Amino acid sequence: MKAHDNSLKYFSLGTIWLWLIVFALLPFALVTLASFASHDDTHLLTTPATLLNYFQLNNAIYLKIFKQSFYIASTCTVICLLLGYPFAYTIARMQSRYKSLLMLLIIIPFWTSSLIRTYSMITMLKPKGIINSILLWTGIIDKPLPLLFSDTSVMIGLVYNLLPFMVLPLLTNIERLDNRLIDAARDLGANRFTTFRRIILPLTMPGILSGSILVFLPAMTIFYIPDLLGGSKSILLGNLIQNQFLIAQNWPLGSAISVVFTLILAVMLLVYWHSMGNKERDLL
Amino acid sequence: MMRFITVALGLLIITPLFAAENIVNVYTWSGVIPDSAIRQFETETGIKVNFSTYDSNEVMYAKLKADKNPSYDVIEPSSYYIDRMRRQDMLAKFNKAELPNFKNINTSFLNQSYDPKSEYSIPFIWGITGIFVNKEYRDPASFQRWADLWNKKYADQIMLLDDSREVFSMALRTLGYSVNDENPEHIKQAYLKLKELLPNIKIFNSAPISILVDEDANVGMVWNGDVFRAKKENPHVDFIFPKDGFVVWVDNFAIPKNAPHAANAHKFLNFMMRADVAKAVAIDNSFPTANLAAQKLLPADVRDSKTVYPSPDVMRRGEFQTDISDDALSLYEKYWERLKMGG
């Protein structure tokens with residue numbers, strides 16, 4: 001029996017390792033290799049090896065796109081946090097029998113592809129779409145709001161797609177909050193605000209941080225949302241990389257951008273990791 | 001458990017061996033071939049079609065370039081990409097003996113500079129890039145030239161095709177240059193001209209029918225067939241042949257070199273060139289057909305439509321798109337990339 005358990009353990013661990021090596025490490029190694037290649041009009045990748053692709057990145061336009069993506073992703077993260085925190089808190093603390101149903105409702109959108117849900121947002125936001133039709137019908141506005149193909153619609157799409165990634169880590173984190181600590185704070189005379197600031201907020205910080213990372217990283221690269229909802233003119237880092245591969249056909253430069261981006265993210269994760277105490281690391 | 005997994009993995013490996021069956025992989029512009037034509041081919045021949053679409057030549061080219069052994073059997077590049085891919089040895093010569101319906105093709109599209117002996121390409125549909133206006137919101141009289149789109153009044157309102165050659169052609173015509181200009185100085189001027197247009201651009205899109213019908217944009221750059229089709233659902237949309245000149249393009253079928261199912265690809269192409277099939281396809285996509293036999297069979301409303309088949313007088317303002325040198329093309333791409341990134 002024991003031996004059987006072990007073989008299952010090795011099998012599942014082995015599968016995960018194999019998966020990571022084949023689908024994460026190997027592609028990244030290929031991209032890193034490609035980032036040192038040259039390119040010409042007839043070859044996507046060719047010799048000699050060069051650092052030129054990295055020097056090309058020091059370019060006002062690329063820096064502008066990076067700053068812009070950073071700004072959009074940060075705004076998206078803050079909005080997700082402001083919407084997601086009270087939401088997660090309410091669900092996690094509620095005693096209702098509908099609690100598991102409400103948690104299921106957060107998961108259900110994942111059953112449909114994010115791309116299809118983004119297409120459905122077009123139907124919601126367009127001038128003759130559902131939102132504008134309702135507003136026109138109720139007489140709140142007298143001509144359609146230009147919601148679609150703007151920075152607003154990109155932000156709506158990003159928040160809509162990424163909100164669950166903020167809510168889920170917060171939910172698990174808040175559910176584990178020890179009620180006795182809150183009771184003790186109230187007994188010792190703390191008002192609601194002080195209790196929140198001194199007890200609840202610090203204890204849920206790991207959830208806030210992991211939720212923020214899960215929202216921030218995809219928000220910088222999820223290229224189809226600016227493509228579909230922004231009319232192919234709002235550019236995120238993800239679109240820049242996609243353009244290099246599919247339109248400009250400059251694979252080495254696209255690879256170099258990906259590598260630099262991955263490194264920046266890795267540094268951010270390390271900083272975050274070090275800023276936490278051991279106990280918080282365990283909580284993650 | 002282990003045994004089950006071994007069997008499952010084994011099955012995964014074996015399946016592709018059985019998959020070497022009667023299929024053809026077709027990769028064309030979106031909106032060109034209706035599903036009904038694909039199904040008719042499957043029923044008549046028993047060959048299964050794996051059908052996928054693209055909406056830019058560049059994407060199709062990049063996919064084929066990435067793999068020496070392409071997974072596609074039939075592609076449909078625009079003429080200037082036929083030239084490029086032919087020169088880069090990416091296309092296979094047709095076996096004309098297997099294409100008896102080739103005789104249906106309008107000879108005025110054959111033996112053009114992009115394929116001097118018509119060995120690599122079959123002209124299939126063609127069209128004109130012009131201006132669309134929704135009459136309910138805009139006066140068509142104020143959009144007779146490309147230059148009219150630059151008016152500051154139209155901030156954040158204009159739709160452009162998501163296609164570098166088309167967008168640059170518009171700017172080059174406004175400046176009085178050819179749409180096939182290779183002069184780096186002229187291309188740069190066109191780029192600067194387009195940069196001025198950026199605040200007016202609301203959306204880049206190459207599959208715009210729902211945008212025209214639902215009035216997501218009410219003025220912009222469009223292909224004539226799409227307007228003809230959109231008009232059926234929204235009669236307010238009008239097509240204008242710009243006075244400062246316009247692009248005439250031709251999309252052609254081709255077979256990539258080393259295509260895995262070349263014989264089936266020939267069968268598919270011969271089927272698509274049959275007059276009754278080409279007619280049904282032309283009615284569905286509303287674009288002018290390069291198949292003369294099919295054109296004669298078209299119902300009067302399409303055949304006589306001035307949007308689809310303009311008079312020779314109007315056609316004189318048109319200019320055929322031809323290939324440009326690699327240097328000029330990469331200059332276009334460089335500026336295009338900058339434009340898409342906000343200048």
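**A shared core and the two domains of chain B**

In this predicted model, the largest nonpolar core runs to 138 residues, and those with the most contacts inside it are Cys76(A), Leu162(A), Ala219(A), Val74(B) and Phe132(B). A nonpolar core here is a set of buried Ala, Val, Leu, Ile, Met, Phe, Trp, Tyr and Cys residues joined through C-beta atoms within 7 Å; buried means 20 or more other C-beta atoms within 10 Å of the residue's own, with C-beta atoms placed from the backbone. Helix H7 (residues 151–175) of chain A chips in the largest share of this core, eleven residues. Helices are DSSP runs (H or I, at least four residues), strands likewise (E, at least two), numbered from the N terminus. Domain 1 (20–126 + 250–309) and domain 2 (127–248 + 314–340) of chain B both give residues to this core, so it lies between them.

Those domain bounds come from an automatic or database domain assignment. Taken over C-alpha atoms, the centres of the two domains of chain B are 25 Å apart. Their contact (C-beta atoms, placed from the backbone, within 7 Å) takes 20 residues from domain 1 and 16 residues from domain 2. On the domain 1 side, helix H4 (79–87) and strand S5 (122–134) of chain B are the elements that give two or more residues, and H4(B) gives the most, with four.

As for numbering, residues count from 1 along each chain as its sequence is written, while chains are lettered from A and ligands numbered from 1 in the order in which they are written. Local features need pLDDT of at least 70, side-chain atom pairs count only at pLDDT 80 or more, and totals for chains, interfaces and linings use all residues.

Definitions and conventions
A residue is buried if 20 or more other C-beta atoms lie within 10 Å of its own, exposed if 12 or fewer, and partly exposed in between; C-beta atoms are placed from the backbone. Two residues are in contact if their C-beta atoms, placed from the backbone, lie within 7 Å.
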